[in-house]
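This report describes a sheet, the helices packed on it, and a few single residues. Please view the sequence and the model together.

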Amino acid sequence: INLPEAKTANQGANNQEPLVLAITPDEKLYLGDKQLAGVDQLASELKAHQEKSPNQPVAMSASKEVSFGFLVQVLDALKQAGIKNLPAFTQPKDTK
């Protein structure tokens with residue numbers, strides 16, 4: 001995945017490995033290592049995960065090629081699932 005750059009990107013301290021929601025450039029969704037059928041499946045899968053592992057954080061890794069419209073759909077599904085804090089993986093901006 002081609003991560004977007006951010007001037008404020010940092011490693012962050014994690015006490016527990018997050019469950020990673022990955023979005024590929026062709027807008028396929030993966031929750032951990034499981035490919036999802038689409039955005040409609042995301043909220044229910046996240047709710048089920050939160051019931052099994054309520055303290056495991058969720059983080060997002062999305063390619064910078066993902067369309068804004070698709071990202072809004074994903075964020076809406078996260079909100080429906082009750083995810084309130086979602087770190088996103090970025091890479092430090094090249095300052096050359």
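The text below takes the sheet, then the helices, then three residues.

The model is predicted: local features need pLDDT of at least 70, side-chain atom pairs count only at pLDDT 80 or more, and totals for chains, interfaces and linings use all residues. Residues are numbered from 1 along each chain as its sequence is written, and side-chain values use heavy atoms, with hydrogens and water left out.

**Sheet**

Helices (H or I, at least four residues) and strands (E, at least two) are DSSP runs, numbered from the N terminus. Four strands form an open sheet with mixed pairing, in the order E4-E3-E2-E5. Two strands pair if DSSP finds at least two bridges between them. E4 (34-35) and E5 are the edge strands, each pairing on one side only. Strands of a sheet pair through backbone hydrogen bonds, either parallel or antiparallel. E2 and E3 run antiparallel and are joined by 3 bridges; here Leu21 has Leu31 of E3 as its bridge partner. E2 and E5 run parallel and are joined by 5 bridges, and Val20 stands opposite Ala59 in E5.

E5 is mostly covered, with 5 of its 5 residues buried (buried means under 20% relative accessible area, exposed over 50%, partly exposed in between, with a 1.4 Å probe and protein chains only). Val58, Met60 and Ala62 are buried on one side of E5, and Ala59 and Ser61 on the other. In a regular strand the side chains alternate between the two faces of the sheet.

**Helices**

H1 lies across E2, E3, E4 and E5 and runs at about 5 degrees to E3. H2 packs on the sheet, where it touches E2, E3 and E5, and its direction makes about 155 degrees with that of E2. Axes are lines fitted to C-alpha atoms, for helices over the stretch in contact, and angles run from 0 to 180 degrees between N-to-C directions.

H2 covers residues 68-80; at 1.5 Å a residue its 13 residues should span 18 Å, and the end C-alpha atoms are 18 Å apart, which agrees. The expected span is 1.5 Å times one less than the number of residues. Which residues of H2 are buried? They are Phe70, Val74, Ala77 and Leu78. Seen down the axis of H2, these buried residues fall within an arc of 100 degrees, so they line one face of the helix; the arc is that of the directions from the helix axis to the C-beta atoms. They pack against E2 (19-23), E3 (29-31), H1 (39-52) and E5 (58-62), contact meaning heavy atoms within 4.5 Å. The face turned away from the buried side of H2 carries the exposed residues Phe68 and Lys79. After H2 comes Gly82, whose phi is positive, near 85 degrees.

**Three residues**

| Residue | Place | Relative accessible area |
|---|---|---|
| His49 | helix H1 | 12%, buried |
| Gln56 | loop between H1 and E5 | 18%, buried |
| Asp33 | loop between E3 and E4 | 79%, exposed |

The side chains of Gln56 and His49 make a polar contact (2.8 Å). A polar contact is a pair of N or O atoms within 3.5 Å; within protein, one must be able to donate a hydrogen and the other to accept it, and residues adjacent in sequence count only if both atoms are side-chain atoms. Not counting residues up to four places away in sequence, His49 touches Leu19 and Gln56. On that basis Gln56 touches Gln16, Glu17, Pro18, Leu19, His49 and Gln50. Asp33 and Ala22 are 11 residues apart in sequence, and their C-alpha atoms are 9.1 Å apart in space.
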